[in-house]
Structure formats: C-alpha cells, structure tokens
Amino acid sequence: MKYKTIIKEDIEERVEIYAKSRTKLIEQIESLCENDEIELVGYFEDESCLINVNEIQRIYIENDKTYVSLDDKTYRVKYRLYQLEEIVTDDFIKINQSCLININYISKFKTSWGGSLLVQLKNGDVDYVSRRQTKVVKERMGI
C-alpha cells in the first residue's frame, strides 16, 4: 500500500483513500478521521470538562440521566442516548435499551445461567446484552 503525506499550514486537512475494496484498515482510518474532533462536555459534581469520544468506554442511562464512563471517572452529559448514537462513531454498539459500549474497551464476555450475555469493560463496568441485541453484538464481534 502506498501513502503520501503533505504538510502545509494554509490548506484544509483531508484524507483520501483509493482502494480496490473496503477493508478493516479503511474502516479504522475512517473512524480515526471521524473521531478526531468530537468532544463532549461532561459534568462531575461542580466541575465540567471536555471528554474525547475515543476515551468513552460506556454511555448509559440511569435515573433518566445520561452518563459516560471513562477509565477513572463517570460524567453526566446533557444529551439523550439517541443523540449520542448519532454523534459517536462505529466503535460504539448498542447492547440494550439504555447502554452503548465502545467495542475497543471490551475486556470479556460472560454468559449467565439464563443464557443472557454479559459484557465486562476494561474499567470494570459490567452490563447485560439484551436478547434483542445479542445477535447484532455477536455478529459485530465475530462470535
């Protein structure tokens, strides 16, 4: 594969890909380009900060409020889940009615006695995959 990088201060940044077919590498490059500038404002107690979408491991609803979970902290955000679904990239997948997870942070899958699927993330968060989403999650993860 050939590539070319041109650095000039006075031009608009862009990435062009010429390929014979769509590959995983192309999808990763697209994901990087899309995620480059996406940030959310998160609130923790009396502080607010900018959160890079790439660092989010889980987005979930609890008590009618939306939260994003990172490595070390959980922040409240002022978006609805359906709005965040449109903002986040292809690295996120909906696992149930109230949760999106970043597939890059999945630590492991477990099955429970009832046959339901549990997802554990690298930060220790655990959530169930709904029956409705199980097939989609398995296909996406190649299980």
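# Structural briefing: exposure, cores and pockets

Asp71 is exposed, with a relative accessible area of 58%. This residue belongs to a predicted model of a protein of 143 residues, 32% of which count as buried. The protein contains 3 helices and 10 strands, and the C-alpha trace spans about 55 × 40 × 25 Å along its principal axes. The points below move from Asp71 and its partner Gln57 to the fold, the nonpolar cores and the pockets.

**Asp71 and Gln57**

- Asp71 sits in the loop between β4 (65–69) and β5, whereas Gln57 occupies the loop between β2 (47–52) and β3 (58–62).
- The two side chains make a polar contact with each other, at 2.4 Å.
- Gln57 has a relative accessible area of 0% and is therefore buried, the cut-off being under 20%. Asp71, at 58%, counts as exposed because its value is over 50%.
- When neighbours within four places in sequence are set aside, Asp71 is in contact with Gln57 and Asn123.
- On the same basis, Gln57 is in contact with Ser69, Leu70, Asp71, Leu100, Ile101, Asn102, Tyr105, Leu121, Lys122 and Asn123.
- Asp71 and Glu86 are separated by 15 residues in sequence and by 23 Å in space, taken from C-alpha to C-alpha.

**Fold and contact pattern**

- In sequence order, the secondary structure elements follow the pattern α-β-β-β-β-β-α-β-β-β-β-β-α.
- Among contacts in the protein with a separation of 6 or more, 41% join residues 24 or more positions apart.

**Gln83 in helix α2**

- Gln83 is found in helix α2 and has a relative accessible area of 29%; it is partly exposed because this value falls between the cut-offs of 20% and 50%.
- A polar atom of the Gln83 side chain lies 2.7 Å from the backbone nitrogen of Arg80.

**Nonpolar cores**

- The largest nonpolar core has 15 residues, of which Ile56, Ile59, Val68 and Phe92 touch the most other members.
- Both β5 (74–77) and α2 (81–87) supply at least two residues of this core.
- Another core lies apart from it and has 12 residues, among them Ile93, Ile101, Ile103 and Val137.
- Leaving out neighbours within four places in sequence, the contacts of Ile59 are Thr66, Tyr67, Val68, Leu81, Leu84, Val88, Phe92, Ser98, Cys99 and Leu100. Val68 and Phe92, listed here, are also among the core members that touch the most others.

**Largest pocket**

- The volume of the largest pocket is about 1,100 Å³.
- It is lined by 25 residues, and Lys4, Thr5, Arg14, Val15 and Glu16 are the closest to its centre.
- Its lining comprises 13 nonpolar, 3 polar and 9 charged residues.

**Second largest pocket**

- The volume of the second largest pocket is about 220 Å³.
- The residues lining the second largest pocket are Arg22, Lys24, Glu27, Gln28, Glu30, Ser31, Asp90, Asp91, Ile103, Asn104 and Arg140.
- Helix α1 (residues 24–35) gives the most to this lining, with 5 residues.
- By class, this lining has 1 nonpolar, 3 polar and 7 charged residues.
- Ile103 appears in this lining and is also one of the residues of the 12-residue core.

Notes:
Residues are numbered from 1 along each chain as its sequence is written. This is a predicted model: local features need pLDDT of at least 70, side-chain atom pairs count only at pLDDT 80 or more; totals for chains, interfaces and linings use all residues. Side-chain values use heavy atoms; hydrogens and water are left out. A nonpolar core is a set of buried Ala, Val, Leu, Ile, Met, Phe, Trp, Tyr and Cys residues joined through side-chain atoms within 4.5 Å. Buried means under 20% relative accessible area, exposed over 50%, partly exposed in between (1.4 Å probe, protein chains only). Helices (H or I, at least four residues) and strands (E, at least two) are DSSP runs, numbered from the N terminus. Contact means heavy atoms within 4.5 Å. On a 1 Å grid over the protein atoms alone, a cavity is a set of points where a 1.4 Å probe fits but cannot get out, and a pocket is an open set with protein on both sides within 12 Å along at least five of seven lines; lining residues have an atom within 4 Å of a point. Grid points are joined across faces, edges and corners, and a volume is the space filled by probe spheres set on the points. Ala, Val, Leu, Ile, Met, Phe, Trp, Tyr, Cys and Pro count as nonpolar, Asp, Glu, Lys and Arg as charged, and the others, Gly among them, as polar. A polar contact is a pair of N or O atoms within 3.5 Å; within protein, one must be able to donate a hydrogen and the other to accept it, and residues adjacent in sequence count only if both atoms are side-chain atoms.
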